[in-house]
Amino acid sequence: MHKVVLLSTALTFAATAALAEGLPGVSDGPGPNMVIEVASADGTSKGTITLDLYEDKAPNHVARLVELAESGAYDGVVFHRVIDGFMAQTGDVEHGKQDGDTSRAGMGGSELPDLEAEFNDVSFQQGTVGMARSQNPNSANSQFFIDLAPATFLDGEYTVVGQLVDGWDVLNNVKKGDSDANGAVEEPDYMAKVSIEE
């Protein structure tokens with residue numbers, strides 16, 4: 001399985017200050033919504049984040065997220081790569097389970113086939129949800145990331161699938177990784193439970 005990467009230039013982004021719950025000017029659209037219960041490595045709850053998924057902008061990618069969430073595949077998957085001032089990445093259902101060996105987290109996907117890119121006109125801003133992929137634009141599978149700060153250099157390069165609409169403080173508090181190791185996280189936080197609300 002190929003390694004999923006984002007542009008390394010993101011490491012130059014400055015850290016962003018924590019904001020209050022939710023983000024200014026962001027409202028919940030028609031959904032579906034992905035609700036993620038976040039926990040620390042020891043199982044302590046850190047709260048919940050809610051992502052409004054853009055079914056109209058990236059129908060195939062959203063269908064994949066919904067399928068994996070509803071099957072329970074995302075439950076227990078770690079936030080394996082978190083770069084302060086850039087993004088938090090998760091969703092490796094193959095190598096990213098919290099109760100297993102996560103040394104290869106970020107290099108896997110799911111048993112489902114990779115997806116054709118669905119690039120759209122949504123810009124990567126704070127709270128934007130995008131699909132991670134390898135160098136091949138048509139290689140997104142199960143991994144996704146949530147921006148902690150604007151990252152417009154990703155526009156048109158990665159498929160936008162949604163927007164965080166609740167739980168900004170929880171997302172911003174996800175354990176950060178080592179900037180010298182491209183954001184790799186030791187004893188990472190994880191998605192304890194992922195559910196879909198229509």
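The points below concern a predicted model and address its paired strands, a loop with unusual backbone angles, and a charged surface patch.

1. Strands β4 and β5. Strand β4 (residues 81–83) runs antiparallel to β5, and three bridges join the two. Within this pairing, V82 stands opposite A88 of β5. The two strands form a hairpin with three residues between them. G85, located in the turn, has a positive phi of about 80°.

2. Strands β5 and β7. On pairing with strand β7 (residues 144–147), β5 is again antiparallel, here over four bridges. A88 of β5 stands opposite I146 of β7. A88 therefore serves as a point of reference in both pairings, since V82 of β4 also stands opposite A88.

3. Strands β6 and β7. Strand β6 (residues 128–131) is joined to β7 by three bridges, in antiparallel orientation. The bridge partner of M131 in β7 is F144. Strand β7 thus pairs with β6 and with β5, while β5 pairs with β4.

4. Burial of β5 and β7. In a regular strand, side chains alternate between the two faces of the sheet. Both faces of β5 (residues 87–90) are covered: M87 and Q89 are buried on one side, and A88 and T90 are buried on the other. Strand β7 is likewise covered on both faces, with F144 and I146 buried on one side and F145 and D147 buried on the other. The reader may wish to note that the buried residues include Q89 and T90 in β5 and D147 in β7.

5. The loop between α2 and β9. N182 lies in the loop between α2 (168–172) and β9 (190–197). N182 is not a glycine, yet has a positive phi of about 55°. E187, found in the loop between α2 and β9, also has a positive phi, near 50°, and is a residue other than glycine. Are these residues buried or exposed? N182 counts as partly exposed because its relative accessibility is 28%, which falls between the limits of 20% and 50%. E187 is exposed, because its relative accessible area is 62%.

6. The negative surface patch. D42, D178, D180, E186 and E187 form a negative surface patch. Among them, D42 comes from the loop between β1 (33–39) and β2 (45–53), whereas E187 comes from the loop between α2 and β9. D42 is classed as exposed because its relative accessible area is 64%. E187 is thus a member of the patch as well as a residue with positive phi.

Technical notes: Residues numbered from 1 in each chain as written. Predicted model: local features only at pLDDT ≥ 70, side-chain atom pairs only at ≥ 80, totals over all residues. Heavy atoms only, no water. Patch = residues over 30% accessible without salt bridge, like charges linked within 9 Å, V, L, I, M, F, W, Y side chains within 5 Å. Areas by Shrake-Rupley, 256 points an atom, 1.4 Å probe, with all protein chains shown as cover. Salt bridge = Lys/Arg side-chain N within 4 Å of Asp/Glu carboxyl O. Lys, Arg positive; Asp, Glu negative; His and termini not counted. Charge placed at Lys NZ, Arg CZ, Asp CG, Glu CD. Buried < 20%, exposed > 50% of the residue type's maximum accessible area, 1.4 Å probe, protein only. Pairing = 2+ DSSP bridges.
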